[in-house]
Amino acid sequence: MRELVSRPVLARALREQRTTVPLATALAALWGLVLVVVLATSDPATQRLDNSPGAITSALRLVGLDPLAAWVSIGAVHPFLIALIGVVAIARGVRAIAGELEGGTLALALARPVRRRAYLLAHAAALLPGALLLPAGYATGALIGDRAFDPPGAPLALG
């Protein structure tokens with residue numbers, strides 16, 4: 001029976017991202033920390049989100065969402081974090097073929113007795129841990145900022 005994922009290709013793909021994923025995760029954690037610190041050190045009107053348009057403030061009060069939770073939620077869908085996750089995911093996906101082509105190793109990699117499906121699935125499997133670590137890094141940074149700077153409002157919870 002043929003294997004679904006090529007283990008040597010998976011090991012190499014994971015080895016290749018040993019620096020980029022931790023750095024991007026640290027950057028996402030720093031982003032979460034900075035957002036909480038900015039809210040914690042801002043003036044009281046900003047902390048209550050009174051400076052936002054009336055519809056947003058009314059919607060937050062209607063839902064009963066704490067301003068800190070709303071601020072962190074906005075940071076989670078901010079273009080900076082989405083771009084960071086996208087760059088890591090796209091770079092890993094592009095590396096599967098274009099990186100091999102550029103490095104001159106694509107013909108060698110595809111000439112090995114590895115099915116193309118197993119080759120590509122190995123690269124996709126290597127992408128998954130990094131894609132999951134970045135949002136976890138953001139949440140960790142926000143939680144650390146919440147515990148360290150104690151902004152007004154209820155403490156953040158993972159849920």
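The following conversation introduces a predicted protein model.

Visitor: What sort of model is this, and how are its residues numbered?
Guide: The model is predicted, and residues are numbered from 1 along each chain as its sequence is written. Local features need pLDDT of at least 70, side-chain atom pairs count only at pLDDT 80 or more, totals for chains, interfaces and linings use all residues, and side-chain values use heavy atoms, with hydrogens and water left out.

Visitor: What is the average pLDDT of the protein?
Guide: The average is 81, and 85% of the residues score at least 70; pLDDT is the predictor's confidence in each residue, from 0 to 100.

Visitor: Which elements have the lowest and highest mean pLDDT?
Guide: Helix H4 (residues 54-63) has the lowest mean, 62, and H2 has the highest, 92.

Visitor: How many helices and strands are there?
Guide: The protein has eight helices and zero strands. Helices (H or I, at least four residues) and strands (E, at least two) are DSSP runs, numbered from the N terminus.

Visitor: How do H2 and H8 cross?
Guide: The axes of helix H2 (residues 20-40) and helix H8 (residues 116-149) come within 7 Å and cross at roughly 30 degrees. These axes are lines fitted to C-alpha atoms, for helices over the stretch in contact, with angles running from 0 to 180 degrees between N-to-C directions.

Visitor: Which residues of H2 and H8 meet there?
Guide: Among them are Trp-31, Gly-32, Leu-33 and Val-36 in H2, and Tyr-138, Gly-141, Ala-142 and Phe-149 in H8. Contact means heavy atoms within 4.5 Å.

Visitor: Take Ala-142, then. Is it buried or exposed?
Guide: Ala-142 is buried, since its relative accessible area is 2%. Buried means under 20% relative accessible area, exposed over 50%, and partly exposed in between (1.4 Å probe, protein chains only).

Visitor: What does Ala-142 touch?
Guide: Not counting residues up to four places away in sequence, Ala-142 touches Gly-32, Leu-33, Val-36, Val-72 and Leu-156. Between Ala-142 and Ala-76, the C-alpha to C-alpha distance is 9.9 Å, and these two are 66 residues apart in sequence.

Visitor: Changing topic, where is Gln-17 found?
Guide: Gln-17 is found in the loop between helix H1 (7-16) and H2.

Visitor: Why does Gln-17 count as buried?
Guide: Gln-17 counts as buried because its relative accessibility is 6%. Leaving aside neighbours within four places in sequence, Gln-17 is in contact with Pro-22, Arg-92 and Ala-126.

Visitor: And what share of the whole protein is buried?
Guide: Buried residues make up 32% of the 159 residues.
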